Amino acid sequence: MDSKLRAELPDHDLLKLYEQMVLCREFEEACAEQYTKGHITGFLHLYSGQEAVAVGATAGLHKDDYILSAYREHPQAIVRGADPKRVMAELFGKATGLCKGKGGSMHLFAPELNFMGGYAIVGGQFPIAVGLAFAAKYRQEGRLVACFFGDGAVNQGTFHEALNWARVWELPVLFVCENNFYGIGTEVHRSSALADIHKRTCGYDIPSERVDGMDVIAVHETVKRGAEWVREQSRPYLIEAMTYRFRGHSMSDPAKYRSPAELEIWKARDPLPNFARRLVEEGIATAEGLKEMQATAQVEVQEAVKFAEESPWPEDSEVFNDIYV
Ligand SMILES: Cc1ncc(C[n+]2csc(CCOP(=O)(O)OP(=O)(O)O)c2C)c(N)n1
Ligand SMILES: [Mg+2]
């Protein structure tokens with residue numbers, strides 16, 4: 001049987017994509033549970049539904065490419081290589097956390113992995129992405145900056161300033177919009193004059209395209225090709241990935257602004273079971289094998305929760321350390 005998936009990637013890589021998506025889903029769903037138990041406090045924005053974007057895109061980048069994102073970024077950090085234990089501990093505010101428990105959910109940061117944050121200010125990552133790209137070009141490092149952001153960020157001035165300077169200075173930035181149709185409770189057509197976000201780069205002479213963000217293979221192929229173009233041309237590019245979050249904006253949002261019917265349409269497009277089905281249909285995995293993968297991910301996440309629970313709080317004396325003044 002001809003396998004469409006095998007034409008894209010070797011079996012090992014295809015299975016890795018599935019493994020990572022499952023780990024992300026299990027991690028996020030465990031976060032919801034820990035929030036309900038009061039172990040995670042403050043804002044918590046979960047990524048369930050959008051896994052194909054983080055997983056497909058990261059696989060299309062090089063390890064030394066920088067990644068920046070917004071505040072819905074646990075999977076982006078984990079897929080880049082952050083230890084789920086240290087990410088969970090960070091969400092618990094523990095000393096063993098990725099940022100010593102001082103950042104929390106919205107401020108994950110791992111420079112050793114070239115994961116440069118986690119930004120709670122909508123559009124805060126754009127100028128930093130451009131600055132990193134300027135530095136990378138100046139030092140002739142050959143790496144690019146992948147800057148993830150939401151549909152709700154594109155009306156911030158920083159988006160337009162970043163696009164402009166990235167083009168004027170010919171900087172290697174791959175802008176990746178995760179268009180999940182909502183900025184908190186506001187549907188994208190109510191906030192954007194042109195809701196086809198990829199078309200908005202024409203004013204800056206930046207090429208762009210749209211991709212199905214529920215299809216991990218499509219995202220991977222598009223990002224890989226886009227990244228190669230950025231690297232070769234030393235020019236910015238923008239990809240708009242059409243996706244959907246299955247939960248509310250944050251844990252405190254019951255998402256009353258969207259209909260159950262709409263949610264059902266998108267749940268039918270859930271990137272995990274759909275990719276699983278293709279893997280099985282094309283003889284790359286068995287249903288049992290994929291179930292085992294999920295069980296392994298569940299164990300890994302439970303170990304992360306246990307690690308976070310048992311970890312110490314930061315010392316009081318830590319309060320004035322790591323402050324940028
Ligand atoms: C500068 C700024 N303005 C407003 C907010 C409040 N805020 C938090 S998230 C958000 C919506 C962002 O939506 P989007 O970029 O689509 O990301 P998504 O939540 O869909 O992932 C807003 C307005 C903020 N954090 N920063
Ligand atoms: Mg959004």
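This is a short dialogue on reading burial, helices and a ligand shell in a predicted model.

Colleague: Let us begin with the inside. Which residues of the largest nonpolar core touch the most other members?

Modeller: The core has 95 residues. Val145, Ala146, Cys147, Val173 and Val176 touch the most other members. Helix H2, residues 11-36, gives the most to this core, with 11 residues.

Colleague: Take one of those. What is valine 176 in contact with, leaving aside its neighbours within four places in sequence?

Modeller: Valine 176 is in contact with Ala57, Ala146, Cys147, Phe148, Val223, Ile239 and Ala241. Ala146 and Cys147 are also among the core residues with the most contacts to other members.

Colleague: Now a helix. Where do the buried residues of H11 lie around its axis?

Modeller: General idea first. An α-helix has 3.6 residues a turn, so residues three or four places apart point the same way. Now the case here. Helix H11 spans residues 271-281, and its buried residues are Pro271, Leu272, Phe275, Ala276 and Leu279. They cover an arc of only 125 degrees around the axis, so they sit on the same side of H11.

Colleague: Which exposed residues does the face turned away carry?

Modeller: Pro273 and Arg277. The cover over the buried residues of H11 includes helix H1 (4-8), H2, helix H3 (51-59), helix H9 (216-233) and H12. After H11 comes glycine 283, with a positive phi near 70 degrees.

Colleague: How many residues of helix H5 are buried?

Modeller: In H5, residues 84-92, 9 of its 9 residues are buried. They include Lys85, Arg86 and Glu90. H2, helix H4 (74-80) and helix H12 (287-310) are among the elements that cover them. Glycine 93 follows H5, and its phi is positive, near 80 degrees.

Colleague: Next, a loop residue. Why is arginine 200 called buried?

Modeller: The cut-off is 20 or more other C-beta atoms within 10 Å. Arginine 200 has 22, so it is buried. Its place is in the loop between helix H8 (188-191) and strand S7 (208-212). Beyond its neighbours within four places in sequence, arginine 200 is in contact with Val154 and Leu194. Leucine 163 is 37 residues from arginine 200 in sequence, and 10.0 Å away in space, C-alpha to C-alpha.

Colleague: Last, the ligand. Which residues come nearest to ligand 1?

Modeller: There are 14 residues around ligand 1, and Val122, Gly150, Gly152, Ala153 and Gly183 come nearest. The shell divides into 7 nonpolar, 5 polar and 2 charged residues.

How values were computed
Residues numbered from 1 in each chain as written. Chains lettered and ligands numbered in written order. Predicted model: local features only at pLDDT ≥ 70, side-chain atom pairs only at ≥ 80, totals over all residues. Near = placed C-beta within 6 Å. Nonpolar A, V, L, I, M, F, W, Y, C, P; charged D, E, K, R; others polar. Core = buried A, V, L, I, M, F, W, Y, C linked by C-beta atoms within 7 Å. Buried ≥ 20, exposed ≤ 12 C-beta atoms within 10 Å, placed from the backbone. Helix = DSSP H or I, 4+ residues; strand = E, 2+ residues; numbered from the N terminus. Contact = placed C-beta atoms within 7 Å. Arc of directions from axis to C-beta.
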